[in-house]
Amino acid sequence: AILDEKSDFLCGIAQFDIMDHIPSSEVDAFDPFISQASILVVDSNLSSEIMHSILEKVSENTAHIIFEPISAAKATKITEHKMYTKIDIMTPNLQEFVAIMQALLPDENFKFNSDLTHNELATMCQKLHNLLKVEKTCKWKYCVITLGSRGVALVDFHGMDVNIEFISPQYVDPKQIENTNGAGDSFLGGLIVDLMRQKSLREAALFGSRVAAATIQSKSNIPTRDQYENLLRSNIDTNN
């Protein structure tokens, strides 16, 4: 990875082609864990075939099936085999979300714009909701869209109309920011931890935001153990 003068991510070089060569037999060995998992997270570094195989193995006892798109280029894998109907939570950033929308609704001519307004995003989500309502067996219920410094959009596809709540980001003194690398991964980690603790998705998104805020203040891009334990303690206090 190459950072800019502010220590933020500028560009990176990665090679994940090896993921496309994982044989299905390697995944089959984990069948007992997949079928018994209370929360399953699938990301698009995996091949479409492996993703599809995993999602076919999920049992009805799995509380949450989360799809993490990884990047705009890989995000659209979830549209193959209609795999998006088998997840219940998706955690894209704005660029990844627009890429998925472009793949699902190509005639709409959606364009990515980092300054996309709340109303424009709401319009896109309503059009997606209209599509999902046609899919009678679709399990996709929520989309947690990270918006960087603008916070998080929590999208609920229940009901006749889509519902969107915009959650403000955790305030961090700009002087305390080391760099923003790893903020998205930390957000997802915090989200999963709180879901495993049987918190609501909104509570989990708030906790994820707090973990991400701690990450960008860390020189190592990872909150220290003391920071993390303090976050857990304060999260318990906040929710009680």
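**Close-up 1. The buried residue D88 in the loop before β5.** In this predicted model, D88 has a relative accessibility of 6% and therefore counts as buried, the cut-off for that class being under 20%. D88 is placed in the loop between α4 (72-75) and β5. Although D88 and I66 are 22 residues apart along the chain, their C-alpha atoms are separated by 6.4 Å. When its neighbours within four places in sequence are left aside, D88 is in contact with A63, H64 and I65, and also with K139, W140, K141 and Y142.

**Close-up 2. The open sheet and its two edge strands.** The sheet is open and is formed by 6 strands in the order β3-β4-β5-β6-β7-β8, with mixed pairing. β3 and β8 (163-167) stand at the edges and have a single partner strand each, so one side of each is left without a neighbour in the sheet. β7 pairs with β8 in the antiparallel sense over 5 bridges, and within this part of the sheet A153 stands opposite F166 in β8. Helix α5 packs on the sheet, where it touches β4, β5 and β6, and its direction makes about 135° with that of β6. Helix α6 also packs on the sheet, touching β6, β7 and β8, and the direction of α6 makes about 145° with that of β8.

**Close-up 3. Strand β6 between its partners β5 and β7.** Strand β5 (residues 89-90) and strand β6 (residues 142-146) run parallel and are joined by 2 bridges, with I89 standing opposite Y142 in β6. With strand β7 (residues 152-156), by contrast, β6 pairs in the antiparallel sense over 5 bridges, and T146 has V152 in β7 as its bridge partner. The hairpin of β6 and β7 has 5 residues between the strands, and in this hairpin G148 takes a positive phi near 65°.

**Close-up 4. The largest nonpolar core, with I145 among its most connected members.** In soluble globular proteins, nonpolar side chains tend to be buried together. The largest nonpolar core here has 41 residues, of which I78, F97, L121, W140 and I145 touch the most other members. At least two residues of this core are supplied by each of β3 (39-43), α3 (48-57), β4 (64-68), α5 (94-104), α6 (118-134), β6 and β7, and the largest share, 6 residues, comes from α5. Leaving aside neighbours within four places in sequence, the contacts of I145 include P92, N93, L94, F97, L121 and C125, as well as G151, V152, A153 and V155. Another core, of 20 residues, lies apart from the largest one and has I39, L154, I192 and A204 among its members.

**Close-up 5. The buried residues of helix α3.** In α3, the buried residues are S48, I50, M51, S53, I54 and L55. These buried residues of α3 pack against two helices, α1 (24-28) and α2 (31-36), and against the strands β3 and β4.

**Close-up 6. The crossing of helices α7 and α8.** Two packed helices are described by the angle between their axes and the distance between the axes. Helix α7 (residues 183-196) and helix α8 (residues 201-215) have axes that come within 7 Å and cross at roughly 140°; the two helices are therefore oblique to each other, and their crossing is right-handed. On the α7 side, the residues that meet α8 are A183, S186, F187, G190, L191, V193, D194 and L195, while α8 contributes L201, E203, A204, A205, F207, G208, S209, V211, A212 and T215.

Note on methods
Residues are numbered from 1 along each chain as its sequence is written. This is a predicted model: local features need pLDDT of at least 70, side-chain atom pairs count only at pLDDT 80 or more; totals for chains, interfaces and linings use all residues. Side-chain values use heavy atoms; hydrogens and water are left out. Two strands pair if DSSP finds at least two bridges between them. Helices (H or I, at least four residues) and strands (E, at least two) are DSSP runs, numbered from the N terminus. A nonpolar core is a set of buried Ala, Val, Leu, Ile, Met, Phe, Trp, Tyr and Cys residues joined through side-chain atoms within 4.5 Å. Buried means under 20% relative accessible area, exposed over 50%, partly exposed in between (1.4 Å probe, protein chains only). Contact means heavy atoms within 4.5 Å. Axes are lines fitted to C-alpha atoms, for helices over the stretch in contact, and angles run from 0 to 180 degrees between N-to-C directions. Angles under 35 degrees count as roughly parallel, over 145 as roughly antiparallel, 65 to 115 as roughly perpendicular and the rest as oblique. A crossing is left-handed if the near helix is turned anticlockwise from the far one by less than a right angle, and right-handed if clockwise.
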